[in-house]
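Open the structure in your viewer and keep the sequence panel beside it. We will go from stop to stop, selecting as we go.

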Amino acid sequence: MSRPLPAKRRRAGLLLLGGLLASSVWAQPAPPGGPTRRFALLVGNNQGGDGTRPLLYATDDARRMHEVLVRLGGTSSQDAMLLLDEGADDVLTALGELERRARDARARGERTSLFFYYSGHAKDGALRLGATKLPLESVKARLAQGPTDMRVAVFDACRSGALTRTKGVRKAPAFEVETDATRAAKGLVILTSSASDEDSQESDQIGASYFSYHLASGLLGSADQSGDGRVSLSEAYAYAYERTVASTADSAAGPQHPTFSFDLAGNGDLVLTDVVQRREGLRFPPEAPVGTYFLIDRRGVVVAELVKADGERMIALSPGTYTVKRRLPDRLRVGEVRITEGQVTTLDEGALKNARFADDPVKGTGLSTVYSRHWSVSATGQYQAIFDSPTTAGGLFPSAPMVGGEGTVHNFFGRGFAWSFDAQYGWATGGVATPRLGTAITYRYSLVNVGTSLLYEWNQEGTWVPFLGARLGLSLMNREFDDPSFPRQGFTTMSPGVLFGLKVRMSRSFGLVGRGRVHYLLYNVDETRSLGYAEFGLLLSYEFRD
Amino acid sequence: MRLLLCPALLALTACGGNWSNADLEFAAALPSKRELASQLPTSGATSQPLSRRDGLNAGDPSQAYADTKKAVTDFNGLLDFFLGVLDTVRAQPPTSRTADSRTWGPFSAADVPGLQFRVTITLTSTDPRETYGWNVQARKNGEPDFFDLVRGSFQASAETVRRGMGMIVVPVKGVKTKLTLDAQLQQLDEIIIGYQTATFPQATQMAFTFTPGNTSGLSQAGYGSERREDGSGAMVFALSTTDTNIRKSTVRSRWLKDGAGASQLTVDEGTYRGATRVECWNAQFKVTWFKENWPGGKESGREADCPPVN
């Protein structure tokens, strides 16, 4: 669990960095030149092109940061551009548009700032936006020469620390600024999620990258160490740094160290979010016990963590119902709060109820597993109907009931994309009759059907989860005639198809699924015929969720 | 890596097997030993000695039944000899297919080394009904050409290819030029089996054409078998004995489903040439009536105790 930075540590940081940063940020709340027009460009891309593995949460990170900045960061929705899975040209075009607006604003005498955020792949000295690349140095140069008075760039990407290896690089827990400065800062601050030799890690448990998650949580108020209701750049970075290092300390990839760099003139701190101005959220009164609180939304996602010390704290939450969880050494304290639009709700810790760790509403670090990669298994009962004449009228294959099971890895190829494997066994009795055979030759029919599917699930967190996908099946059909003078006959075929269905969650782990499949079936023994089959089934599924 | 798995799986698009309705049609057109065989009821009671003895009386084990049973066994044995390969082949999927034919083989048989076999059936006509020609062929290993071991033809009934009328020819004379046959087959030139299974009574006739100058002195011989829907049947066969009065005779036996039957022997060669002997037996294969019409011939039991065979 994180703790407030000790005063000594702050002082040490100030001694180390103060000389460099004394003129590093622009003053708040009353900067010279009047109010600041704030622009923001938020870029998220899960794809990194050749040689990279798709990320799961980069677009979610950008989306979350966009929501925080628009709601609390003083950036109008018109001046906040969100680019998801777009290419390099789109990023440059959007950046150019914001720069144009900034120049216009400056011409009118307004102060301006730009918050550039990127979550995605970076490799070989370039941001990787799908199949396109954006060289890091060119991005840095573009931002350095930008027309806004202040530029803050946040890069959440592997080895993004390469951006800060030159001037002003610090792989350090925090930087301090003078809060009583009167001279507004101008220049560029770059925050990166990891050092130049480190990977930036995502977490299935939190459904985000560690750094972006903690940065966003901090901006909601968790990082407000001063307790003034505003989260400054230095506070946000300090919080994100400490929490990121702590969260990744035990990971397989090793601890991840965010970095920062600066090229600034002037002084004063930059306030990134104002959590009290909106007067909407959850207030932790001074009498609320110190400790770590988790705020969990209705989807099961932990939207903020707060390490409360003495004094009052405020977390700016959007309207809705949240679960509040406080972790004690021997138990949990859990309860619900409702945030109403335009109102501040005060937490009554006494209203929280004791709960066992086993009843933790969210496991692990207390975060959603809905979007995490996890397994589910299902028992299946279904009926396969062949698109052909009845076998007693010359048709080739009979329809049959089937039973089986399947396993699915959810979110395997990215959020919502699942990969499943299934196997079924079917059986029936039938009779084959053709005009030449006359009376039917009776037989026992068996069918083994195995397959793999790629499917997309919508509304994973909801009660009703529709899905659609493609399947490749292998069918092994066999018939054994009651008249032993005829040989056993078999047919094996690969058959592509589509599947669709709807899952209804009956509990956290159990669900009932109605599913249909439609497949193409090629027959090629007596002749080449294009057939098909449809399967309608009911599945009882169990999800293994942490 | 994970993205590569999808195209790899899609590349696996193979299908195949022997699932064929047409195969069943061709297989059904081949004669079946089971359908052509004579079906004489038997029971444990027939295991008792059935040798001819003097003084046959009502209540004794029936010698006529024993003779009939032996004839049926020989008849079915011959069918097994000539058609067994077809039954074996039919139980396997064909090796190759065309629109009008199916072929099994070439294949080797472990008990016949040095030879390869092939079975082919061809749909030769569909007007007015499906007509098939088929043959069982063999060739010596290393030789290019196959020769016929057995050939046949079959015309399906109006209702189904599983019933009809057919003929089977065993060209023994030709086979002898290619293969070394056993002593019995060496005496034959040809075996012809005719059958009809379209309607009851179903019938199978087997005719043997002997090689001139063969040691048996016969020129032609044969069996006739009949099967009725109610399970009753009949068999006509020739009988040779060492009894100088009835050295050679023709036997016409009929039986009911429960095994009770009657047999009439007509003496073709011997002292009593032209004479007849009638013997009836019950379901326990015991004589119920016995009558010889030659001078000094015996009669035992009552004619009324004969089963109602026609």
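The tour below visits chain A, then its contact with chain B, then a loop of chain B.

**Before you start**

This is a predicted model. Select chain A. Its secondary structure comes to 6 helices and 29 strands. The chain has 546 residues, and 48% of them count as buried. Now look at the contacts in chain A with a separation of 6 or more. Residues 24 or more positions apart account for 70% of these.

**Stop 1: a three-stranded sheet**

Select residues 281-284 of chain A, which form strand β14. Add β17 (313-315) and β20 (344-346) of chain A. Together, the 3 strands make an open sheet with mixed pairing, in the order β17-β14-β20. Which strands stand at the edges? They are β17(A) and β20(A); each has a single partner strand, so one side of each is left without a neighbour in the sheet. Neighbouring strands here are turned by 25 degrees against each other on average, direction ignored.

Zoom in on the pair β14(A) and β17(A). They run antiparallel and are joined by 3 bridges. For a landmark, label R283(A), which stands opposite M314(A) in β17(A). Next, show residues 210-222 of chain A, helix α5. The helix packs on the sheet and touches β14 and β17 of chain A. Its direction makes about 125 degrees with that of β17(A).

**Stop 2: the nonpolar cores**

Select L219(A), A236(A), L295(A) and I315(A). These are the residues with the most contacts inside the largest nonpolar core, which has 92 residues. In soluble globular proteins, nonpolar side chains tend to be buried together.

Centre on L295(A). What is it in contact with, leaving aside its neighbours within four places in sequence? The partners are L282(A), V302(A), V303(A), A304(A), I315(A), L317(A), Y322(A) and V324(A). Another core, of 76 residues, lies apart from the largest one. Its members include V432(A) and L447(A), as well as A71(B) and F75(B).

**Stop 3: a helix with two faces**

Go to residues 136-144 of chain A, helix α4. Colour V139(A), K140(A) and L143(A): these residues are buried. They cover an arc of only 95 degrees around the axis, which puts them on the same side of α4(A). Then turn to the face directed away from that buried side. E137(A) and A141(A) are exposed there.

**Stop 4: where chain B meets chain A**

Show both chains. Here 31 residues of chain B are in contact with 27 residues of chain A. On chain B, select α1 (2-10), β1 (15-17), α2 (21-29) and α4 (63-90); each supplies at least two residues of the side that touches chain A. The largest share, 6 residues, comes from α2(B). By type, the residues on this side of chain B are 14 nonpolar, 9 polar and 8 charged.

Strands pair across the chains too. Select β27 (residues 489-505) of chain A: 3 bridges join it to β1(B), and the two run antiparallel. Label F491(A) and its bridge partner in β1(B), G17(B).

**Stop 5: a loop leucine in chain B**

Finish at L56(B), in the loop between α3 (33-36) and α4 of chain B. Is L56(B) buried or partly exposed? It has 19 C-beta neighbours inside 10 Å, so it counts as partly exposed; buried would take 20 or more. Outside its neighbours within four places in sequence, L56(B) is in contact with Q63(B), V287(B), F290(B) and S300(B). Now draw a C-alpha to C-alpha distance to K291(B): L56(B) and K291(B) are 9.9 Å apart in space, yet 235 residues apart in sequence.

How values were computed. Residues are numbered from 1 along each chain as its sequence is written. Chains are lettered from A and ligands numbered from 1 in the order in which they are written. This is a predicted model: local features need pLDDT of at least 70, side-chain atom pairs count only at pLDDT 80 or more; totals for chains, interfaces and linings use all residues. Two strands pair if DSSP finds at least two bridges between them. Helices (H or I, at least four residues) and strands (E, at least two) are DSSP runs, numbered from the N terminus. Axes are lines fitted to C-alpha atoms, for helices over the stretch in contact, and angles run from 0 to 180 degrees between N-to-C directions. Two residues are in contact if their C-beta atoms, placed from the backbone, lie within 7 Å. Ala, Val, Leu, Ile, Met, Phe, Trp, Tyr, Cys and Pro count as nonpolar, Asp, Glu, Lys and Arg as charged, and the others, Gly among them, as polar. A residue is buried if 20 or more other C-beta atoms lie within 10 Å of its own, exposed if 12 or fewer, and partly exposed in between; C-beta atoms are placed from the backbone. The arc is that of the directions from the helix axis to the C-beta atoms. A nonpolar core is a set of buried Ala, Val, Leu, Ile, Met, Phe, Trp, Tyr and Cys residues joined through C-beta atoms within 7 Å.
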